[in-house]
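Subject: Structure for your review

Dear colleague,

Please find below the structure that I am handing over to you. I would be grateful if you would read the notes beneath it with the structure open.

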Amino acid sequence: MAERARMLFGALGISGEPLSPDLPNTAEAYSRGEVGTEHVDRIRQFAGELSAEILIGDAWPIAEKALAEIAGEVGPHWLVRPIRELQTRLDPDGQEPTDRELTRPARQIWLEQ
């Protein structure tokens, strides 16, 4: 709940300066009562899956505003498709692959004749 409030309404920095919210358009829709906490959580989860390059770029504010508008018109479970579509547009390559080794499955098949 505290993380949701910080994302919507900002916080105070170490020296006391106000930090801007991460989801300002969603916060406006939330304060008007157009979206609920489930909408906010889905948008917040989507923002958490994106890379920092995307979040500080020019496209994120536009995408977040579009999601806030869509969320005001539909239920939270209907946000899955717009989120998936925005994810493919904002991050077409997806997340970088990890360098860890793939493990061999523990299952084996034995065939006897």
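The notes that follow describe two helix pairs and then three individual residues. Please bear in mind throughout that this is a predicted model.

Helix packing

Two packed helices are described by the angle between their axes and the distance between the axes. The first pair consists of helix α3 (residues 37-49) and helix α6 (residues 80-90), whose axes come within 11 Å and cross at roughly 20°. Because angles under 35 degrees count as roughly parallel, α3 is roughly parallel to α6. The crossing in which α3 passes α6 is right-handed. On the α3 side, the residues taking part are Arg42, Phe46 and Glu49, and they meet Val80, Ile83, Leu86, Gln87 and Leu90 of α6. By character, the residues of this contact between α3 and α6 comprise five nonpolar, one polar and two charged.

Helix α3 also packs with helix α1 (residues 2-9): the axes of α1 and α3 come within 11 Å and cross at roughly 80°. An angle from 65 to 115 degrees counts as roughly perpendicular, and α1 and α3 are therefore roughly perpendicular to each other. Here Glu3, Arg4, Met7 and Leu8 of α1 meet Thr37, Val40, Asp41 and Arg44 of α3. The residues of the contact of α1 with α3 divide into three nonpolar, one polar and four charged.

Individual residues

Arg4 belongs to helix α1. Is this residue buried or exposed? Its relative accessibility is 17%, and since buried means under 20%, Arg4 counts as buried. Leaving out residues up to four places away in sequence, Arg4 touches Thr37, Val40, Asp41 and Arg44.

Arg89, which lies in helix α6, has a relative accessibility of 63%. Exposed means over 50%, so Arg89 counts as exposed. Along the chain, Arg89 and Ala59 are 30 residues apart, and their C-alpha atoms are separated by 9.7 Å.

The last residue is Asn25, which is placed in helix α2 (residues 24-31). Which residues does Asn25 contact, leaving aside its neighbours within four places in sequence? They are Pro61, Glu64, Lys65 and Ala68. With one of these, Glu64, the contact is also polar: the side chain of Asn25 makes a polar contact with the side chain of Glu64 at 2.8 Å.

Yours sincerely,
A colleague

How values were computed:
Residues numbered from 1 in each chain as written. Predicted model: local features only at pLDDT ≥ 70, side-chain atom pairs only at ≥ 80, totals over all residues. Heavy atoms only, no water. Helix = DSSP H or I, 4+ residues; strand = E, 2+ residues; numbered from the N terminus. Polar contact = N/O pair within 3.5 Å; in protein donor to acceptor, adjacent residues only side chain to side chain. Contact = heavy atoms within 4.5 Å. Axes fitted to C-alpha atoms, helices over the stretch in contact; angles between N-to-C directions. Parallel < 35°, antiparallel > 145°, perpendicular 65-115°, else oblique. Left-handed = near helix turned anticlockwise from the far one by under 90°. Nonpolar A, V, L, I, M, F, W, Y, C, P; charged D, E, K, R; others polar. Buried < 20%, exposed > 50% of the residue type's maximum accessible area, 1.4 Å probe, protein only.
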